[in-house]
Amino acid sequence: MSSLGLLLVVAACGLDRLVGDPRGLLHPVQVMGWWIARLRRAAEAIAGDSPLALRLAGGAITLALVGGSGLAGWGLERLCLAGGLLPPALGLPLLVVALASALAGRSLEQAVQQVLAALPTAPGGSLEPARRQLAWIVGRDTEGLTEADVLRALAETASENAVDGLFAPLFWMLVGALLWGWSGLGAPAGTDGIGPPGWPAAWPPGPLALAWGFKAASTLDSMLGYRRGRLRWLGTAGARLDDLLTWLPCRLVALSLPLAAGRLRETPQLFQRALAEGAPDPSPNAGVSQAVYALVGGCRLGGLNHYGGEARPKPILAAGAPPPDRAAVERMLGLSRRLELLWLLAAGLVAGLVAWGLGGGGLAARLLAVALQAQ
């Protein structure tokens, strides 16, 4: 893993936790959403109501948006790294800001805490302010929700979006740092790059390219991934790609969250239970992420939700636990903070072991060369 890439990712995580997404600044997801809306209008005008044409158009939109976003990230990496047009004193901070834009740790936490703050503190208080705040961050109907319903919605949002908004993009950033390390980018001066023959050193997609590519797929799923009307076919490609890109990060969260909670011995059992209890959910990832947070956080999730007036039952998760209260929601947010730190520490450990192994391998190769020359 590239030491430069890992340092950039760690700095981006710190910046995200420090400032989140400042209001008034153009966000890359806004640009992606602008393009999705216009491409959707063009696709529907051309494809009409033909399922096949809509599927093909959805595939083209997905390819264009994900590919274009990844290419934009790759181009910014090339501009900002050594040898690019921007000096490192300007380019590296710009890369950190761009990487932080793909993370939603603080913004998710702030959104959840704003709803908690809007809940009445005395019996009989109005729930309307909390319902209005909640409507900004969930897709379910919020009219008429009780306080228990609001708290359950917050707990489910905090657990599901922890994967979508934080750990999945962080995973792909770390994969990008690994690609940089494999190609030799960011290696200390005087060391050899590593990679397959013909691999162009310093040219692979890195943390930003992969993170922005993932965010494009996630944004497509959030805007077009609905099973109604033309979106049933138009949004298929984006939704399937998002499911695929989130599958492994979600299961790594399910495996590592018990560790972040200090429950090492229970990790295999909790991991298996999360997979089993999350399996009935229509989403291959949302149910698993909610299940592991419910099990580790000690609260019951799932039940009946309404979307556009239509009732949709969700599987019950951690059935023997109590329903979530304010403390349980805050506990879930705290688990995400600890897990993020654990992932970064683990990545640093892996990077150190790889660097140590490569150094030892290089020394062994030089000793072998000397021995062969002596013969």
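A salt bridge is a side-chain nitrogen of Lys or Arg within 4 Å of a carboxyl oxygen of Asp or Glu. With that in mind, the structure shown above, which is a predicted model, can be searched from end to end, and eleven salt bridges turn up.

A good place to begin is helix H7, which spans residues 147-183 and holds both Arg152 and Glu156. These two residues are four apart, or about one turn of the helix, and their side chains form a salt bridge with an N to O distance of 3.0 Å. Are the partners buried or exposed? Both Arg152 and Glu156 are buried.

A second pair joins Glu266 to Arg263, with 2.9 Å from N to O. Here the surroundings can be read from the relative accessible area: Glu266 has 32% and is therefore partly exposed, and Arg263, at 23%, is partly exposed too.

A third pair, Asp281 and Lys314, meets at 3.8 Å, N to O. Asp281 sits in the loop between helix H11 (267-278) and helix H12 (286-297), while Lys314 belongs to strand S2 (residues 310-317), so this salt bridge ties together parts that lie 33 residues apart in sequence. Buried means under 20% relative accessible area, so Asp281, at 7%, counts as buried. Lys314 has a relative accessible area of 27% and is partly exposed. Salt bridges can also join up into a network, and one such network links Arg17, Glu109, Arg337 and Glu340.

Attention now turns to the nonpolar residues. In soluble globular proteins, nonpolar side chains tend to be buried together. The largest nonpolar core in this model has 91 residues, and the members with the most contacts inside it are Val112, Leu134, Leu154, Phe167, Leu170 and Tyr293. Which helix gives this core its largest share? It is H7, the source of 16 residues. Leu154 offers a close-up view of the packing: leaving aside residues up to four places away in sequence, Leu154 touches Val112, Val115, Leu116, Leu134, Ile137 and Val329.

Finally, the cysteines deserve a look. A disulfide is a covalent bond between the sulfur atoms of two cysteines. How many disulfides does a search of the whole structure find? The number is zero. As for individual cysteines, Cys13 has a relative accessibility of 2% and so counts as buried, and Cys80, at 1%, is likewise buried.

Key: Residues are numbered from 1 along each chain as its sequence is written. This is a predicted model: local features need pLDDT of at least 70, side-chain atom pairs count only at pLDDT 80 or more; totals for chains, interfaces and linings use all residues. Side-chain values use heavy atoms; hydrogens and water are left out. A disulfide is a pair of cysteine sulfur atoms within 2.5 Å. Buried means under 20% relative accessible area, exposed over 50%, partly exposed in between (1.4 Å probe, protein chains only). A nonpolar core is a set of buried Ala, Val, Leu, Ile, Met, Phe, Trp, Tyr and Cys residues joined through side-chain atoms within 4.5 Å. Contact means heavy atoms within 4.5 Å.
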